[in-house]
Amino acid sequence: MSGNYVQLMFRVLSGSKCSVSIILWILAGFLLLLHFFSLVSHKDGTSGEIELHISHNPSFRELVEVEEENIQIPPPRGKRSPRAAKRRPKRTTTLIDEFLDENSQLRHVFFPDMKTAIDPMKDNGNDSFYYYPGRIWLDTEGAPIQAHGGGILYDERSRTYFWYGEYKDGPTYHAHKKAAARVDIIGVGCYSSKDMWTWKNEGIVLAAEETNETHDLYKLNVLERPKVIYNDRTGKYVMWMHIDDCNYTKAAVGVAISDYPTGPFDYLYSKRPHGFDSRDMTIFKDDDGVAYLVYSSEDNSELHIGPLTSDYLDVSNVVRRILVGQHREAPALFKHLGTYYMVTSGCTGWAPNEALVHAAESIMGPWEDMGNPCIGGNKVFRLTTFFAQSTYVIPLAGLPGLYIFMADRWNPADLRESRYIWLPLIVRGPADRPLEYNFGFPLWSRVSIYWHKKWRLPSRWSG
């Protein structure tokens with residue numbers, strides 16, 4: 001193609017009636033084409049290797065196979081729960097109604113009981129190291145893991161994974177008639193693992209305040225979405241979390257610090273970052289060691305993002321508004337081949353909704369919408385993020401293009417019974433949604449989260 005452009009250019013130059021503007025336009029087009037093809041060849045060179053790696057690895061081929069769900073809604077039987085009855089009782093009952101109805105005959109489909117619990121300490125034979133999304137997951141002591149809304153820290157010094165999350169092992173109630181379902185703060189739970197399947201309970205690493213009603217961590221307040229990163233310069237483990245009152249009017253972030261990944265963490269303070277309200281949030285540590293805070297703001301109508309200070313204990317003065325007017329929350333960031341990706345959910349309280357993926361060449365934006373990443377299950381599964389909400393994306397060293405998508409399947413009737421949805425997230429191939437390209441020609445890769453009732457990581461991954 002470039003050869004034809006060169007011939008055309010010489011024919012035009014040899015013509016006596018050609019204007020200078022036409023020559024300049026042809027030269028500009030030729031240069032743009034060269035730039036585009038160089039970008040394509042550069043991107044295809046790297047992503048092509050990943051495509052080849054995925055297509056020739058039997059374990060990867062299993063992960064991208066589509067699994068469907070055919071769940072039949074049973075005929076009405078008995079009285080529906082008040083929670084389900086509030087959702088337009090005159091219309092046809094949907095799968096989402098059944099999910100939210102604690103009296104539903106399909107309850108066992110969404111929240112299987114202890115009989116099917118994952119117990120890594122038993123001899124599971126050929127079922128060892130398999131994830132079963134939605135099932136109860138037991139720790140090494142045989143108790144259900146309590147680490148909701150959490151995230152994973154890989155500690156290079158101990159070569160251990162640490163899973164932090166909300167310890168919700170208490171009764172669910174409503175502070176008042178119009179309040180959301182809640183559990184009193186117990187604290188942040190921590191679990192350790194070498195293989196990300198067998199988890200040891202390291203205890204409560206940041207505990208609630210039982211009596212001091214003025215403290216941010218007073219048990220009647222809110223502590224959500226704790227995330228921990230390690231500061232290489234200070235040698236400290238720093239935890240950020242969403243801090244609120246029972247009415248969600250405080251809308252702040254909290255910061256805690258520890259010398260060890262297993263705590264105890266010392267709580268420092270809370271604040272509204274950059275002077276804005278902050279609810280669902282996460283932190284992301286980039287390759288260069290710079291860490292960023294991402295949070296839902298302006299009544300959850302947009303996200304804000306900005307770098308932390310070098311000690312990770314505060315936000316800097318720099319902040320960008322992103323996804324303005326899109327009403328997204330539950331951000332989960334990761335980076336692949338120099339491109340930043342973020343999974344978010346809509347704002348529907350405890351009810352599940354559709355996930356979206358966003359991409360950016362710079363973490364500060366602009367961020368482009370790439371559509372729904374969910375594949376498999378059925379239409380309702382895909383439109384509800386498999387009845388779950390994003391919380392974190394785990395990179396897997398040695399397996400380029402493969403990540404673990406962490407999500408929570410919330411149970412608003414009994415929050416301690418909320419479940420974990422871990423699924424393979426794979427980045428490969430071109431995105432299937434056209435974007436508004438600029439002259440840099442960003443070539444995004446497709447992000448896909450595949451539904452599986454049962455799956456495991458490729459056998460060659462050793463952690």
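This passage walks through a predicted model of a protein chain, from its overall make-up to a few spots inside it.

To start with the big picture, the protein chain holds seven helices and 23 strands. It runs to 463 residues, and buried ones make up 51% of them. The accessible surface adds up to about 21600 Å², with carbon and sulfur atoms supplying 54% of that. As for who touches whom, take the contacts with a separation of 6 or more: 54% of these are between residues 24 or more positions apart.

Next comes the inside. In soluble globular proteins, nonpolar side chains tend to be buried together. Here, the largest nonpolar core contains 64 residues, and Trp137, Trp163, Trp199, Trp422 and Leu425 are the ones with the most contacts inside it. The element that gives the most to this core is strand 22 (residues 419–430), which puts in seven residues. Apart from this core there is another one, made of 20 residues, including Leu153, Val188, Ala208 and Leu217.

Trp163 is worth a look of its own. Setting aside its neighbours within four places in sequence, Trp163 is in contact with a list of residues that includes Trp137, Tyr191, Trp199, Tyr420 and Trp422, along with Ile145, Ile152 and Met406. Rings matter in this story too: ring pairs tie Trp163 into a cluster with Tyr131, Trp137, Tyr191, Trp199, Tyr420, Trp422 and Trp455.

Across the whole structure, the search turns up 25 aromatic pairs. One of them brings together Phe381 and Trp451, edge-to-face, with 5.3 Å from centre to centre and 70 degrees between the planes. These partners come from distant parts of the chain, 70 residues apart: Phe381 belongs to helix 7 (residues 379–383), while Trp451 is in the segment after strand 23 (445–450). Phe381 has a relative accessible area of 3%, so it is buried. Trp451, at 4% relative accessibility, counts as buried too.

The pair also leads to Glu69, a residue in the loop between helix 3 (58–63) and helix 4 (82–85). Is Glu69 buried or exposed? Its relative accessibility is 15%, and because buried means under 20%, Glu69 counts as buried. Beyond its neighbours within four places in sequence, Glu69 is in contact with both Phe381 and Trp451, as well as Gly377, Asn378 and Lys453. With Trp451 there is a polar contact between the side chains, at 2.8 Å.

A last detail involves a charge and a ring: the charged end of Lys454 sits over the ring of Tyr130, 4.5 Å from the ring's centre.

Technical notes. Residues numbered from 1 in each chain as written. Predicted model: local features only at pLDDT ≥ 70, side-chain atom pairs only at ≥ 80, totals over all residues. Heavy atoms only, no water. Helix = DSSP H or I, 4+ residues; strand = E, 2+ residues; numbered from the N terminus. Buried < 20%, exposed > 50% of the residue type's maximum accessible area, 1.4 Å probe, protein only. Polar contact = N/O pair within 3.5 Å; in protein donor to acceptor, adjacent residues only side chain to side chain. Contact = heavy atoms within 4.5 Å. Phe/Tyr/Trp six-rings, centres within 6.5 Å; stacked < 30°, edge-to-face > 60°. Lys NZ or Arg CZ within 6 Å of the ring centre and 35° of its normal. Core = buried A, V, L, I, M, F, W, Y, C linked by side-chain atoms within 4.5 Å. Areas by Shrake-Rupley, 256 points an atom, 1.4 Å probe, with all protein chains shown as cover.
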